[in-house]
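Hi,

Here's the model I promised to pass on. Have a look at it first, and my notes follow below.

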Amino acid sequence: MPSSFYITTAIDYANGSPHLGHAYEKVLSDVISRHMRMSGRKVHFLTGLDEHGQKVQQTALKRGVEPQVLVDEIAAVFKGMLGDLNISHDDYIRTTEPRHKKVVQQFLQQLFDQGLIYKGQKTDWYSTRQEQFLTDKDRDPDGSWPEIYGEVTQTTEENYYFKLSQFQPWLVEHIKSHPDFITPRFRQNQVLEFLKEPMNDLCISRPKSRLTWGIELPFDTSFVTYVWFDALTNYYSAVADKGLWPADVHVIGKDILSPPHAVYWPCMLQALGIEPPRQLLVHGWWTVNNQKASKSSGNATNTLGFAASHGADAFRYYLCREMVVGQDADFSTTTFENRYKADLGNNLGNLVNRLLNMVGRNYAGLIPAAAADEDLEKNLRQLWSDSIKKYGESFAEYQVSHALEALWVFISAMNAYIEARAPWKLAKSTDAADRARLDSCLAHVAEGLRLVGTILTPVMPATCDKLLTNIGRPVATHFDGQLSWSAACTGSQVAEKCILFPPIEVPTETPSA
RNA sequence: AGGCCCUUAGUUCAGCGGUCAGAACAGCGGACUCAUAAUCCGCCUGACGCGGGUUCGAAUCCCGCAGGGCCAACCA
């Protein structure tokens, strides 16, 4: 029985348009999902949309539409992006769905019954602009409130609180005893640092007088629950009836690691008697041409155009190749075009065409069986086993950029191997030994490309299908038995010509400032 | 206040205790022609931010310093 693998992205907030950050997280998760599926895991890949809250309510009000109408529109846009990027999610959860609300309310009721949610009254300073209560810690040294809070007034408001603080010792222990819980490791320090300070209990409600667009507290319908119990619960509510919990990986951005995913979420689950997720995979942020990605300039939204102009696969490859998981990275037109032209067009795409042409010319399109076996062939095969080993090791840590780097060493080596064999010379020879070498040369390149097309299918699914089809092989659906050197290509009929990555004229960018 | 990350060839970055420090791209020179003027070969530059320390040995660990970013909003 295949072991299951449950992976999630953070759910996007239904306010604004999808941009590079949203795209990256989906692509990374998708590549992992497809890789795991091909590795034989029973994958469940969840993504979705966070649709409640003040911002949505305000935007809807401004637009003069019902919030539900607004989020329906936004959901369509975000789902459109998933299609454009060829994301293979198994489920899409929206926090306004009944299946989600039901679980959120069950959670709240259970904690209330356990006495872990209490009603509190706080007289406090409240920032209207930030929609949050302030403490003396938030004051400037001179005692005034920082500009960002806008008008600060003293108010008394009743709200419900979750007894977060009593789970702090458990959480610290859990993080320390599960070193892979927060990946990459250096992110863990941040969280442990945060946990050195005593935590406050977590305010989990808003009175309906201030916010109506949310899920009602089951034990007090004059309140809705506020952000975390709503949003984080999606990971569980989506699979509540599927027996898939705990999640194997939550893929998230560094901004929502601490406190939400590393603190609130595990503590909530612990309080409910539910296992915490196994791992948080924390990625960094993209800049665009060294500028911070911002909504106002739209710079991060514009980058999505590369998926349209150069194909989703090229875009997916670029994102995976360029960002070291965990670190920040920069998206630039120059590096994108370089990767497209050099890595994809010249190194890989052109190599496919070299093979097709030579097999067509010398063997009527039928891939020959390897006959000669000399050092050149032995070395190439050895390099494959080294490369696939590194690929696997890097991928096991979700270091996709390193995995791809290792694979391209092999692709480059195939080009060099052809050069060393010089099949165009062998073809002119009448020597039987040369003919055997020619057989081997084309057989080896074909097999090398079959292997590359197989392992790379999760990263560039459509392209790899095309590659494999063009060398006369079926598309790759699993890795088992398909990643070691074989004679699988012998006798396959190849296509006449195949341009995987056509040269693309990119219109000069609209000048940005 | 405190904490975290980054600082390595012209550029983007990898390496994170042990062979004379690497890749890609760019640049220069050469080879080749099967190919989407593509591929291959060679060359090129670096006090691995600065100053201390630990060690037989440090880009790699520790301390201090400097510069950039983040821990506050939109936001992955």
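A bit of vocabulary to begin with: two strands pair if DSSP finds at least two bridges between them, and helices (H or I, at least four residues) and strands (E, at least two) are DSSP runs numbered from the N terminus. This is a predicted model, where local features need pLDDT of at least 70, side-chain atom pairs count only at pLDDT 80 or more, and totals for chains, interfaces and linings use all residues. Residues are numbered from 1 along each chain as its sequence is written, chains are lettered from A and ligands numbered from 1 in the order in which they are written, and side-chain values use heavy atoms, with hydrogens and water left out.

So, the sheet. Three strands form an open sheet in the order S10-S12-S11, with antiparallel pairing. S10 (205-207) and S11 (216-217) are its edge strands, each pairing on one side only. Three antiparallel bridges join S10 to S12 (residues 220-225), and Pro-207 has Phe-223 in S12 as its bridge partner.

Now the RNA. There are 48 residues around RNA strand B (near means a heavy atom within 4 Å of it). His-22, Asn-346, Asn-350, Arg-354 and Lys-497 come nearest. By class, that surface has 15 nonpolar, 20 polar and 13 charged residues (Ala, Val, Leu, Ile, Met, Phe, Trp, Tyr, Cys and Pro are nonpolar, Asp, Glu, Lys and Arg charged, and the others, Gly among them, polar). H13 gives the largest share, 14 residues. Of the strand B atoms within 4 Å of the protein, 69% are sugar or phosphate, and the rest belong to bases.

Cheers
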